[in-house]
Amino acid sequence: MAEKGSLAVIELVRSIGHRVNSSVQRLGFAARFFVMILVYSGQSFRRLHLTIREIYFSGFQSLLIILVSGLFIGMVLGMQGYETLQRYGSSEALGVLVALSLTRELGPVVSALLFASRAGSSITAEIGLMKATEQLTAMDMMAVNPIARVVAPRFWGGVISMPLLAALFSAIGVFGGYLVGVVLIGVDEGAFWSQMQGSVDFRFDVWNGIVKSFVFGVAVSLIAVFEGYDATPTAEGVSSSIKRTVVYSALAILALDFVLTSFMFRGL
Amino acid sequence: MPADSLVKISDINFAYDDRDILKGINMDIPRGKLVAIMGNSGCGKTTLLRLIGGQLRPTRGTLLVDGESVPDMNHRELYDMRRRMGMLFQFGALFTDISVYDNVAYLMREHTNLPEELIHDMVLMKLNAVGLRGAHHLMPSELSGGMARRVALARAIALDPMLIMYDEPFAGLDPISMGVIGQLIRTLNDALGATTLLVTHDVQEALLIVDYVYFVSDGQIVAQGTPDEIRASSDPFVHQFVFGEADGPVHFHYPAVPFQQELLRGGARG
């Protein structure tokens, strides 16, 4: 009995060790993969239409979900913000609240989360299925580098699209806040815009938001292409890679947001 | 076999982790000939193709293609060599997001600066050679298995390679498509002046078209010869393979403890 118990403990320690080992190995492989993408980016940029095509697929085709979500989040912010601010008699500051929440946090973070589930998952699925059907091997055998031809354009397509989507998300969100706050509830329009203009700093708020969304774009795109490229070439393998893309992207976005925010706004 | 070999394999060994896949393979593929590598599934045939294409490196031995050692090539040299090779994958591996036409034009656009009008003529010529000129506008998802294999064949010969490798070109095809592909492989080899390496387990189909056959079993070459020699062979492995017998040197059962012993053990557990 005791022997059985100690065997189980050994088995547990062994499996934990194995998991840690393979995670570290995978992380190393991902880092190496990232360097390879950068090395082969020159080749893929020389044929710009490949990257432009990916900006269309991951950026343009995500526009609808980004704009609709941005509008609703802005409208909710307008409602909740007004409800809280009017208790302190400062409902004119609604514009500031909406704009700062969106440019600093909600714009980059929520649009990145949406981007990961809309475009990230489809990038992983596409690359994973190309691997499963030997298309990547075929390409490599034809002396066409799959990282330069397939991976790098998708990576850069995501990196370029992300800040643009986040900016559009914030812009339409501000409009949503305006619709609810000014048009529906009746907050003074002049105060709404002028306080916003006075309090939102371009470098401190807008620029930091852009930096955040760029970093999220790199993280989500890297996770998506890596998971696709590293997928086990079976139906089950591709499906669990897609799942990992969404989960890891969400965790990476939230963790990076904390780190970036603590660096950017440490003076507060 | 003539001395002038395009591919020369000497004492090649290959292992995945601790599992030996190839054990001391020697092989010569003469220029201009159509050579088949046959053997049961999992005997290391596809591994051999991947070694020749430089996608895997042998653990031991030398492998020369056109006089150059493949395992010693760097990335650039490997890609230079692969441009002179064509490969047909087991299930075609066509690019599913582009049309038949673009699949065949793919390599011409990637590796040459030819004007689009010339590429157009060349693509139609290649598709005509496999009988699918009229299907150039279709997407890969609209093709039958046999047609997809023929498009992949047209793509493999797009840049007139010196060496064409086929990985199980007959797998999953009906007898008519099988005959068509077989004849195409022979005709294209002779018309292009290429050398062809055919990996298959369809003995009857392959014996009709090839010049020489190597039989691989358990990572070793167990028999070789011209199709006539193979048909007349008294070697038990070749006999079992050519006539498709269920049991022989290649066992029907996967290695296991005796059935009686397993049943008794199961009974004791229950």
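**Exercise 1.** Which are the buried residues of helix 3 (residues 100-111) of chain B?

*Solution.* Start with the ground rules: this is a predicted model, where local features need pLDDT of at least 70, side-chain atom pairs count only at pLDDT 80 or more, and totals for chains, interfaces and linings use all residues. Residues are numbered from 1 along each chain as its sequence is written, while chains are lettered from A and ligands numbered from 1 in the order in which they are written.

Next, the terms. Helices (H or I, at least four residues) and strands (E, at least two) are DSSP runs, numbered from the N terminus. A residue is buried if 20 or more other C-beta atoms lie within 10 Å of its own, exposed if 12 or fewer, and partly exposed in between, with C-beta atoms placed from the backbone.

Now go along the helix: Val100(B), Asn103(B), Val104(B), Ala105(B), Tyr106(B) and Leu107(B) are buried. As for partners, these residues pack against helix 4 (116-129) and helix 5 (145-156) of chain B, a contact being two C-beta atoms, placed from the backbone, within 7 Å.

**Exercise 2.** Work out the strand order of the open sheet in chain B, then see what packs on it.

*Solution.* Strands pair if DSSP finds at least two bridges between them.

- Order: the six strands run 6-7-8-3-9-10, with mixed pairing.
- Edges: strand 6 (85-88) and strand 10 (220-225) of chain B each pair on one side only.
- Twist: neighbouring strands are turned by 15 degrees on average, direction ignored.
- One pair: strand 6 and strand 7 (residues 163-167) of chain B run parallel, joined by four bridges, and Met87(B) stands opposite Met165(B).
- Helix 1 (residues 45-52) of chain B touches strands 3, 7, 8 and 9, and makes about 150 degrees with strand 7.
- Helix 6 (residues 175-192) of chain B touches strands 3, 7 and 8, at about 160 degrees to strand 8.

These angles run from 0 to 180 degrees between N-to-C directions, with axes fitted to C-alpha atoms, for helices over the stretch in contact.

**Exercise 3.** Which residues touch the most other members of the largest nonpolar core?

*Solution.* Such a core is a set of buried Ala, Val, Leu, Ile, Met, Phe, Trp, Tyr and Cys residues joined through C-beta atoms within 7 Å. With 136 residues in it, Val220(A) and Leu198(B) come out on top. Helix 4 (residues 94-132) of chain A gives the most, 17 residues. Leaving aside residues up to four places away in sequence, Leu198(B) touches several residues, including Leu34(B), Tyr166(B) and Ile185(B).
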